[in-house]
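Hi,

Here is the model I promised to pass on. Could you open it and follow along with the notes underneath?

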Amino acid sequence: MSRRDFLVEIGTEELPPLALKELADAFLAGIVQRLGESGIRHGKALRFASPRRLAVLVKGVQERQPEQEVKRRGPPVSAAFDGNGQPTRAALAFAESCGVRVTDLQRVQDTKGEFLLFSARRPGALTGDLLPGIVQGSLDALPIPRRMRWGSGDAEFVRPVHWVVLLFGKDVIPASILGVPSDRLTRGHRFHAPKPIRLGTPGAYLKALRKRGYVLADFEERREKIRAASLELARGLGAEPVMDEALLDEVASLVEWPVPLAGALEERFLQLPREVLIATLQDHQRYFPLSSSSGALVPRFIAVSNIESKDPEQVRAGNERVVGPRLADAAFFYETDRKQSLAARAPALAKVTFQTRLGSLHDKATRIRQLAAHIAERIGADVRFTERAAELCKCDLLTAMVGEFPELQGIMGRYYAQHDGEPADVCAAIAEHYLPRFAGDELPATRVGMALALADKLDTITGIFAIDQKPTGTRDPFGVRRASLGVVRIIIEKQLELDLRELIAKAADLVGTHSAGVGVVKDDVREQVYDYTMERLRA
């Protein structure tokens, strides 16, 4: 049976960068799954993704389905024939729907009795006739939380669709996908190659986009080019890029024709905490910070442009003009925040709501302090330092720096506590009580930090269950799943001899005492918290 390559490309407005890889992987998986379900054999399947496209290339696809064996179960024989052995309306209707006579149907016996069966072999459908449905089904199944509409049509997708390529060998498969007619015309870079690019065959796709379109459609190729070019550029400056893998993925999802270039920072910004510099450059600007061989940050960064400019100095200067004011703001926040101690901010926590029924951040800090002290006694942590850390651990949420950089909560608390002259264990615990922040993250290193982290997480879990707001589906606004996993990891990996039921009971008592909207926490809620936490352990 002859075979052809198949290419589908969905051209869109800029796709959400954090979701690009997941969408591309799901699109490939959907195409492959549906080809398999249709019995169509094929060779290697590849996926491509850039900010303006999702594409799948499948090599060696059969031109026709294999011969299909069709079996349809009909009515029971007792209902298919009357007392004289004549076919009833049920038998006649079933035979007519199968396109045969009643006498052509088989009688089959199983555990439920005897029934009519239609069995036949039919030639497989042409693959070209099936591919539009396979593509549409794969697009419909993509993990898109919220789809959008555009124009006057009814099509819905993650972003408006502007072109669709459907090529089976040299032929365009006629179809309308997401309201757009299929063609063999793709689009290149928005500025370098704005005119349509004609594709002769699926195999010409990558080369045509690279040579004529200024687009590296292969996500991995584009990602590695960014890595290699950034490394070369940094080493030319005698430095190394601070290259977070997640950021590398995001940058690769933002550009189609990556051109790394180096920019400079003012020396005075190096006085900021390392995490502030990195958060500004990475999280806010999608730049790669640079460090020396000793690991200290240097006043340079690498930005990845999406254009091969005739005047790269202008692009460099533009990036420097953007990041300078952001760092100046951070420096101002840092200087201003340190004029007031963390302890002086504690009373204001009473004015910030943690959760309507669970009270304010001050209420939460009060519960954490008592529970953390209880845990500290059992794991050999300094109770006095633990209580002090609990009093201060949420205070940095009221600072200007954390207001601008929420991801620095706890981290800035540690810096400000150090500035205030707090004991080292207290400073460390303020940062550590948020750990682990994500799967595989580090755990608290100090005993005070362990006690505080466990208390904070157990208070959150128990409180949310007490108000019947436990996670459902993907909804988990208070991070209860993450908190439960954190509790399990800390107790097990740090080998702490703690009674989880007893800690949950203590947390429940405190929630009932220091939450005006809760009251006494029932025993079944305590059991639910225990079962939920243990389920994380089993998982």
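The lining of the largest pocket breaks down into 26 nonpolar, six polar and 18 charged residues. That is for a predicted model, so please read everything below with that in mind. In total 50 residues line this pocket, and the space inside comes to about 1,500 Å³. If you want to centre your view on it, go to Glu407, Gln409, Tyr434, Arg437 and Phe438, which lie nearest the pocket centre. Which element gives the largest share of the lining? Helix α8 (residues 274–284) does, with five residues.

While you're around Tyr434 and Arg437, two of the residues nearest that centre, have a look at the peptide bond between Leu435 and Pro436: it is cis, with omega at about -10°. Pro436 sits in the loop that runs between α15 (424–432) and α16 (447–466).

As for α15 itself, its buried residues are Val426, Cys427, Ala429, Ile430, Ala431 and Glu432. So what covers them? The cover includes α10 (342–345), α12 (383–392), α14 (411–419) and α16. Do note that a charged residue, Glu432, is on that buried list.

Next, the second largest pocket. About 150 Å³ of space lies in this one. Helix α4 (residues 127–140) supplies the largest share of its lining, namely four residues. Among the lining residues are Thr127, Gly128, Asp129 and Pro132, and Arg4, Glu63, Leu126, Phe168, Asp171, Ile173 and Pro174 line the pocket too. By class, the lining of the second largest pocket has five nonpolar, two polar and four charged residues.

Now the backbone. Two residues other than glycine have a positive phi and deserve a click. One is Tyr214, with phi near 55°, found in the loop between α5 (205–213) and α6 (219–236). The other is Arg286, where phi is about 60°; its place is the loop between α8 and β17 (288–291). Are these side by side with solvent or tucked away, that is, is Tyr214 buried or exposed? Tyr214 falls in between: its relative accessible area is 30%, so it counts as partly exposed. Arg286 is also at 30% relative accessibility and is therefore partly exposed. Remember that α8 came up above as well, as the helix with the largest share of the lining of the largest pocket.

Last, a sheet to look at. Three strands make up an open sheet, ordered β4-β6-β5, with antiparallel pairing. β4 (68–76) and β5 (106–110) are the edge strands, each pairing on one side only. From one strand to the next, the twist averages 40°. Helix α3 (residues 89–98) packs on this sheet and touches β4 and β6; the direction of α3 makes about 165° with that of β4.

For the pairing in detail, β5 and β6 (residues 113–122) run antiparallel and are joined by five bridges. If you'd like one pair to start from, Arg107 has Leu116 in β6 as its bridge partner.

I'd begin with the largest pocket, then step over to the cis bond between Leu435 and Pro436, and leave the sheet for the end. Shout if anything looks odd on your screen.

Cheers

Technical notes
Residues are numbered from 1 along each chain as its sequence is written. This is a predicted model: local features need pLDDT of at least 70, side-chain atom pairs count only at pLDDT 80 or more; totals for chains, interfaces and linings use all residues. Side-chain values use heavy atoms; hydrogens and water are left out. On a 1 Å grid over the protein atoms alone, a cavity is a set of points where a 1.4 Å probe fits but cannot get out, and a pocket is an open set with protein on both sides within 12 Å along at least five of seven lines; lining residues have an atom within 4 Å of a point. Grid points are joined across faces, edges and corners, and a volume is the space filled by probe spheres set on the points. Buried means under 20% relative accessible area, exposed over 50%, partly exposed in between (1.4 Å probe, protein chains only). Contact means heavy atoms within 4.5 Å. Two strands pair if DSSP finds at least two bridges between them. Axes are lines fitted to C-alpha atoms, for helices over the stretch in contact, and angles run from 0 to 180 degrees between N-to-C directions.
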